[in-house]
Amino acid sequence: MTKQAPGGFDVTQPNVARMYDYYLGGKNHFPADRAAAERIIELSDGHVREAVLENRAFLGRAVRYLAGECGIRQFLDLGAGLPTQGNVHEIAMKEAPDALVTYVDNDAVVAAHARALLEGDPRVRFLLGDLRRPEEILAAASESGLSFERPVALLMVACLHFVPDEEDPEGIVAAYRELLPSGSHLVISHACSDPVPEAMAAAGGVYGRANAPFEARPAARIAGFFDGFDMVDPGAVPLNEWRPELDALPLRGGFLPVLGGVGRRP
């Protein structure tokens, strides 16, 4: 029997946003989420927590680079997930108080939390929408206040590995590319199957029982998402190698099986 929380969502099926919150040490999760997340932690020998922390750090560095060095003032964060520390609007607005940020997620749980957090700031919007529908997302983002006559930073951080091959993730990214104005930037992080294929396949089995599938991909395919963009140095690399800060700590597990990069639309 499906158990419904007061908000009307199912708490018996693991939810990828709530699992991510659990990895980060948050409080917005239920027993099913915790059980699935603990299985992923076991499969990764504990490294998944390191990976999600590095993912947040990469996101922060990328947003600071775009707002500070590139002068980007518009951010569209797809598959944003539950609000946590170091949200995109907080980072961007430290660099540029006039920055505009629109978050997008297709999860009603995320929507409830995000709208409560963001209420009252006209510079920040949340849209309930599916990143697999680029034209709809950009039309709604335009209505929310973003202008696609000026460069936009499109953030697809830790979300494309939840889009299975049969839904054509490369085609989805290409559709966004064609709709973005010149000077826009694309930020992607994605789980990489190359170093630990067996563990990634097993993780896919766990996520197969959650509300979204999980599919790690080879480094060459992850780099291919940036086709049509000019890569920002150092390219698509393990997250800890993308413009690391001087006080960055060494990884406990060595190579991090998550790649990230930033590309500029010429």
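This text walks through a predicted model, helix by helix, and ends with its unusual backbone spots.

Start with confidence. The mean pLDDT of the protein is 91. Of its residues, 93% reach 70 or more. Residues 1-6 are another matter: their pLDDT is below 50. That stretch has 10 contacts in the model beyond near neighbours in sequence.

Now find helix α1, residues 16-23. Of its 8 residues, 7 are buried, so α1 is largely enclosed by the rest of the structure. The buried ones are V16, A17, R18, M19, D21, Y22 and Y23. Charged residues count among them, since Asp and Arg belong to that class, and R18 and D21 are on the buried list. What do the buried residues of α1 pack against? They pack against α2, α3, α5 and α8. Helix α3 spans residues 47-69.

Take the partner α2 next, residues 31-43. The axes of α1 and α2 come within 9 Å. They cross at roughly 60 degrees, and the crossing is right-handed. From α1, the contact uses R18, M19, Y22 and Y23. From α2, it uses D33, R34, A36, A37, E38, I40 and I41. By class, this contact holds 7 nonpolar, no polar and 4 charged residues. The spacing along a helix helps in reading such lists. An α-helix has 3.6 residues a turn, so residues three or four places apart point the same way.

Pause at E38, which sits in α2. Is E38 buried or exposed? Neither label fits: its relative accessibility is 37%, so E38 counts as partly exposed. Leaving out residues up to four places away in sequence, E38 touches Y22 and R49. E38 and Y22 are 16 residues apart along the chain. Their C-alpha atoms are separated by 9.1 Å.

Helix α2 also packs with helix α8, residues 197-207. Their axes are 10 Å apart, at an angle of about 175 degrees. The two helices are therefore roughly antiparallel to each other. On the α2 side, the contact is made by A36, R39, I40 and L43. On the α8 side, A199, A202, A203, V206 and Y207 take part. This contact has 8 nonpolar, no polar and 1 charged residues. A36 and I40 appear here, and they also appear in the contact with α1.

Move on to helix α5, residues 108-118. Its buried residues are V109, V110, A111, A114 and L118. What covers them? The cover includes two helices, α1 and α4 (88-95), and two strands, β2 (100-105) and β3 (124-128). R115 lies in this helix too. At 44% relative accessibility, R115 counts as partly exposed. R115 touches F126 and L128, not counting residues up to four places away in sequence. R115 and P83 are 32 residues apart in sequence. In space they are 9.7 Å apart, C-alpha to C-alpha. After α5 comes G120, with a positive phi near 100 degrees.

One more helix pair deserves a look. Helix α6 covers residues 134-143, and helix α7 covers residues 169-179. Their axes come within 9 Å and cross at roughly 40 degrees. That angle makes α6 oblique to α7. The crossing is right-handed. P134, E135, I137 and L138 of α6 meet I172, A175, Y176 and L179 of α7. By class, the contact has 7 nonpolar, no polar and 1 charged residues.

Finally, turn to the backbone. Most residues other than glycine have a negative phi, and most peptide bonds are trans. Where does the model depart from this? D45 has a positive phi, near 55 degrees. D45 lies in the loop between α2 and α3. With a relative accessible area of 56%, D45 is exposed. D168 also has a positive phi, near 60 degrees. D168 lies in the loop between β4 (153-157) and α7. At 42% relative accessibility, D168 counts as partly exposed. A cis peptide bond joins D233 and P234, with omega about 10 degrees. P234 is in the loop between β6 (230-231) and β7 (237-238).

How values were computed: Residues numbered from 1 in each chain as written. Predicted model: local features only at pLDDT ≥ 70, side-chain atom pairs only at ≥ 80, totals over all residues. Heavy atoms only, no water. Axes fitted to C-alpha atoms, helices over the stretch in contact; angles between N-to-C directions. Helix = DSSP H or I, 4+ residues; strand = E, 2+ residues; numbered from the N terminus. Parallel < 35°, antiparallel > 145°, perpendicular 65-115°, else oblique. Left-handed = near helix turned anticlockwise from the far one by under 90°. Contact = heavy atoms within 4.5 Å. pLDDT = per-residue confidence, 0-100. Buried < 20%, exposed > 50% of the residue type's maximum accessible area, 1.4 Å probe, protein only.
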